[in-house]
Amino acid sequence: MKVSESVKEHTVFLNPDEIPTSWYNILPDLPAPPDPYLDPGDMKPVNPQKMLRLFAQELVMQEISTERYIKIPDEVLDAYLRLPRPTPLVRAKRLEAFLKTPAQIYYKCEYLSPAGSHKPNTAIAQAYYNMKQGTERVVTETGAGQWGSSLAMSSALFGLKCRVYMVRISYKQKPGRRVMMETYGAEVLPSPSNNTKFGRSLVEKDPEHHGSLGIAITEAVEDTLTDEKTRYCLGSVLNHVLTHQSIVGLEAKKQFEMIDVYPDVICGCIGGGSNFAGFAYPFMTDKLKGKTNTDFVACEPRAVPSTTKGIYTYDFGDSGEMTPLVRMYTLGHKYAAPPIHSGGLRYHGKAPSLCLLINKGYMRSVAYHQNEVFEAAKTLAQTEGLITAPETAHNVKYAIDEALRCKQTGEKKVIAFNMCGHGLLDLQAYDDFLNHKLQDWEPTEINVPTYVK
Ligand SMILES: *Cc1c(COP(=O)(O)O)cnc(C)c1O
């Protein structure tokens with residue numbers, strides 16, 4: 001017996017053989033050439049050769065590539081299919097009915113991966129290219145653990161050793177993702193650790209130092225530089241990461257074509273910018289060519305208002321000042337970790353291409369307090385049945401608000417977003433919300449140093 005059309009309507013699946021076989025790289029299509037990364041030593045563009053000691057060669061090439069499409073290696077496609085990909089595109093019919101909106105709401109199901117988020121889309125590619133060139137160990141840092149668990153999983157798939165510097169306060173307070181990483185066979189060190197010079201200098205002064213993402217990055221980079229067979233991996237911000245995430249938007253574009261729909265609004269949450277860019281850029285390419293007027297909306301926490309209150313300038317990518325200078329919207333690389341539950345949205349800056357598109361007016365951004373964000377997540381849970389990651393809840397909030405505006409105006413807009421993670425390891429945050437313990441907070445002052453006039 002066949003499922004009737006009305007039941008199937010608008011949950012769109014792609015067959016395995018319809019998976020896109022190339023990633024989309026937006027660099028050649030940007031409205032202005034991207035600003036180069038600068039070496040803080042001489043303020044000249046960074047020599048890609050210098051990056052080879054840190055990153056796998058293929059990733060360095062992709063970082064600066066001006067090829068619009070980059071072929072996905074068969075081994076990576078095979079791993080994607082087993083996540084599994086392609087992921088469904090779902091119409092949130094119950095949420096629409098609850099809101100009594102004439103708008104249509106669609107979401108892409110990236111929360112279905114074993115790691116629970118979109119991050120394996122790049123972790124798999126990074127592990128693969130490292131394995132291919134003979135790297136024995138990959139090293140990275142992680143805050144709450146979403147990135148660390150994705151890289152640990154991908155390292156297991158390609159037979160690499162994996163070492164993760166995990167911010168000590170999360171290591172102690174959020175054991176769930178540490179256990180995931182260890183189960184995948186990764187070595188997880190609370191940062192600051194005794195394993196690096198920089199870590200030791202901090203632990204000597206305070207054995208219970210809480211750590212920060214900036215400290216963990218500094219440790220991971222130092223560790224990488226001490227061993228020739230080790231390379232470093234980064235989970236967001238860089239061009240090659242955004243390119244790998246384009247698999248999400250390329251699939252979604254095919255799925256929308258199958259039902260003859262084109263989104264009017266595409267919204268997403270931005271931590272470093274990779275999941276939103278990955279979903280949005282295959283549609284943004286049409287806007288850059290003047291073919292659509294789709295409204296692109298980046299959603300961030302009011303506690304980390306990089307693109308709504310930050311400054312568009314050159315800044316360090318990390319608080320330890322080990323990275324090159326990158327032109328982006330930033331709150332300053334010393335921005336203190338804000339007291340919010342969305343661990344993935346705490347980064348002070350955002351991906352350079354995304355910032356350029358916001359700066360040129362092709363995208364806009366909005367910011368929310370965490371209580372209103374969790375309220376939206378509760379509505380989603382009670383209508384669609386899904387407990388979303390606190391990060392994702394930011395764009396759920398925007399989608400709901402937009403759908404309610406449509407109710408006022410009678411507009412039948414199509415709203416689309418990436419359901420980039422589930423919240424099953426964030427239940428403490430939900431508990432705090434339900435018990436009215438969440439504080440709304442925003443910075444009163446933002447200090448961004450100027451490096452380039
Ligand atoms: C890491 C993470 C983010 C933030 O990173 P982006 O690079 O901006 O995507 C957002 N949502 C989830 C679920 C994450 O795990």
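Buried, in this tour, means under 20% relative accessible area, exposed means over 50%, and partly exposed is anything in between, with a 1.4 Å probe and only the protein chains counted. The structure is a predicted model, in which local features need pLDDT of at least 70 and side-chain atom pairs count only at pLDDT 80 or more, while totals for chains, interfaces and linings use all residues. Residues are numbered from 1 along each chain as its sequence is written, and side-chain values use heavy atoms, with hydrogens and water left out.

**Stop one: Arg 85 and its partners**

Select Arg 85, which counts as buried at 4% relative accessibility, and then add Glu 251, which counts as buried at 0%. Their side chains meet in a salt bridge with an N to O distance of 2.8 Å, a salt bridge being a side-chain nitrogen of Lys or Arg within 4 Å of a carboxyl oxygen of Asp or Glu. Arg 85 sits in the loop between α4 (74-81) and β4 (89-91), whereas Glu 251 belongs to helix α12 (residues 239-258), so that the pair links distant parts of the chain, 166 residues apart. The helices (H or I, at least four residues) and strands (E, at least two) named here are DSSP runs, numbered from the N terminus.

Keep Glu 251 selected and add Lys 108, whose side chain also meets that of Glu 251 in a salt bridge, at 2.7 Å from N to O. Because Glu 251 lies in helix α12 and Lys 108 in strand β5 (residues 104-109), this pair ties together parts that are 143 residues apart in sequence. Lys 108 counts as buried, at 0% relative accessibility.

Before leaving Arg 85, look at the peptide bond that runs from Arg 85 to Pro 86, which is cis, with omega near -15°. Pro 86 is found in the loop between α4 and β4.

**Stop two: helix α16**

Go next to Lys 378 and Glu 375, which form a salt bridge whose closest N and O atoms are 3.9 Å apart. Being 3 residues apart in helix α16, these two are separated by about one helical turn. Lys 378 is partly exposed, with a relative accessible area of 29%, and Glu 375 is partly exposed as well, at 39%. Salt bridges that share partners also join Arg 85, Lys 108, Glu 110 and Glu 251 into one network, and by the rule given above the count comes to 26 salt bridges.

Still in helix α16, select Glu 372, which is partly exposed with a relative accessible area of 28%. A polar atom of the Glu 372 side chain lies 2.7 Å from the backbone nitrogen of His 369. Glu 372 and Ile 400 are 28 residues apart in sequence and 11 Å apart in space, C-alpha to C-alpha.

**Stop three: the ligand**

Select the ligand and the residues around it: 17 residues surround the ligand, and the closest are Lys 119, Ser 236, Gly 271, Gly 273 and Ser 274. A residue is taken as near the ligand if one of its heavy atoms lies within 4 Å of it. The shell divides into 4 nonpolar, 11 polar and 2 charged residues.

Now show the side chains of His 118, Ser 274 and Asn 275. An N or O atom in the side chain of His 118 is 3.2 Å from an oxygen atom of the ligand, a polar side-chain atom of Ser 274 lies 2.7 Å from a ligand oxygen, and one of Asn 275 lies 2.8 Å from a ligand oxygen. On its own the ligand has 390 Å² of accessible area, of which the protein covers 97%.

**Stop four: three loops**

Select Ser 191 and Pro 192, which are joined by a cis peptide bond with omega about 5°; Pro 192 is in the loop between β8 (187-191) and α10 (197-205). Most residues other than glycine have a negative phi, and most peptide bonds are trans.

Move on to Lys 100, in the loop between α5 (93-99) and β5, where phi is near 50°, a positive value in a residue other than glycine. Lys 100 is exposed, with a relative accessible area of 61%.

Finish at Val 237, in the loop between β9 (230-232) and α12, which has a positive phi of about 65° although it is not a glycine. Val 237 counts as buried, at 10% relative accessibility.

Conventions
Polar contact = N/O pair within 3.5 Å; in protein donor to acceptor, adjacent residues only side chain to side chain. Areas by Shrake-Rupley, 256 points an atom, 1.4 Å probe, with all protein chains shown as cover. Nonpolar A, V, L, I, M, F, W, Y, C, P; charged D, E, K, R; others polar.
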